[in-house]
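Thank you all for coming; I would like to take a few minutes to walk through one model with you. Please have a look at it first, and then we will go through it region by region.

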Amino acid sequence: WLEPEGFDNDLVYPNGLNNGFPPDIQTELVRTIPGLEKAVLTQPGYAVEYDYVDPKQLDPTLRVSSVQGLFLAGQINGTTG
């Protein structure tokens with residue numbers, strides 16, 4: 001769906017269309033959506049990369065079992081907050 005960016009402008013965000021393609025490809029992609037054939041991108045999307053450690057590699061204190069003294073928490077082991 002198209003999500004308004006605010007009350008005081010005409011910008012919308014095509015929710016669910018996150019990508020890291022080059023800007024020209026993103027423009028082509030957005031313009032395939034009915035009603036957006038003449039859309040102009042004001043800011044291209046970007047890709048976010050996350051590292052991940054399999055939680056099975058952690059002991060109950062969140063220490064990485066294969067690396068002495070290395071403890072992990074948060075998004076690195078697939079949790080948030």
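Before anything else, a word on exposure: a residue is called buried when its relative accessible area is under 20%, exposed when that is over 50%, and partly exposed in between, with a 1.4 Å probe and protein chains only. By that scale Leu-62 counts as partly exposed, because its relative accessibility is 31%.

What we have here is a predicted model, so local features need pLDDT of at least 70 and side-chain atom pairs count only at pLDDT 80 or more, whereas totals for chains, interfaces and linings use all residues. Residues are numbered from 1 along each chain as its sequence is written, and side-chain values use heavy atoms, with hydrogens and water left out.

On confidence, pLDDT is the predictor's own confidence in each residue, on a scale from 0 to 100. The protein chain has a mean pLDDT of 86, and 91% of its residues reach 70 or more. Among the elements, helix 1 has the highest mean, 95, and strand 2 the lowest, 89; helices here are DSSP runs of H or I with at least four residues, strands are runs of E with at least two, and both are numbered from the N terminus.

Let me start at strand 1, which covers residues 2-4 and includes Pro-4. Pro-4 is exposed, because its relative accessible area is 57%. Leaving aside neighbours within four places in sequence, Pro-4 is in contact, meaning heavy atoms within 4.5 Å, with Leu-11 and Val-12. Its C-alpha lies 8.9 Å from that of Pro-14, which is 10 residues away in sequence.

Leu-2 is also found in strand 1, and is partly exposed at a relative accessible area of 43%. Not counting residues up to four places away in sequence, Leu-2 touches Val-12, Tyr-13, Pro-14 and Leu-36. The C-alpha atoms of Leu-2 and Asp-59, by contrast, are separated by 44 Å, with their positions 57 residues apart along the chain.

Moving on to the loop between strand 2 and helix 1, we come to Asn-15, which counts as partly exposed at 30% relative accessibility. Beyond the residues up to four places away in sequence, Asn-15 touches Trp-1 and Glu-3. With Glu-3 there is a side-chain to side-chain polar contact of 2.6 Å, and by polar contact I mean a pair of N or O atoms within 3.5 Å, where, within protein, one must be able to donate a hydrogen and the other to accept it, and where residues adjacent in sequence count only if both atoms are side-chain atoms.

Which other residue of this loop deserves a look, between strand 2 (12-14) and helix 1? Asn-19 is found there, and this residue is buried, because its relative accessible area is 15%. A polar atom of the Asn-19 side chain lies 3.2 Å from the backbone oxygen of Leu-17. Outside its neighbours within four places in sequence, Asn-19 is in contact with Gln-26, Leu-29, Gly-45, Tyr-46 and Ala-47.

That brings us to Leu-29, which lies in helix 1 (residues 23-30) and counts as partly exposed at 30% relative accessibility. Together with Phe-21 and Ile-25, Leu-29 forms a nonpolar patch on the surface, with about 240 Å² of accessible area in total. Patches are built from residues with over 30% relative accessible area and no salt bridge, joining like charges within 9 Å and nonpolar side chains (Val, Leu, Ile, Met, Phe, Trp, Tyr) within 5 Å; the areas come from the Shrake-Rupley method with a 1.4 Å probe, and for residues only the protein chains shown count as cover.

How many salt bridges does the structure hold? There are 2, where a salt bridge is a side-chain nitrogen of Lys or Arg within 4 Å of a carboxyl oxygen of Asp or Glu. One joins Asp-54 and Lys-56, with the closest N and O atoms 3.9 Å apart; Asp-54 is partly exposed at 26%, while Lys-56 is exposed at 73%. In the other, Asp-59 pairs with Arg-63 at 3.2 Å between the closest N and O atoms; Asp-59 is partly exposed at 22%, and Arg-63 is likewise partly exposed at 22%.

Finally, back to Leu-62, in the segment after helix 1. Its phi is near 70 degrees, a positive value in a residue other than glycine. Most residues other than glycine have a negative phi.
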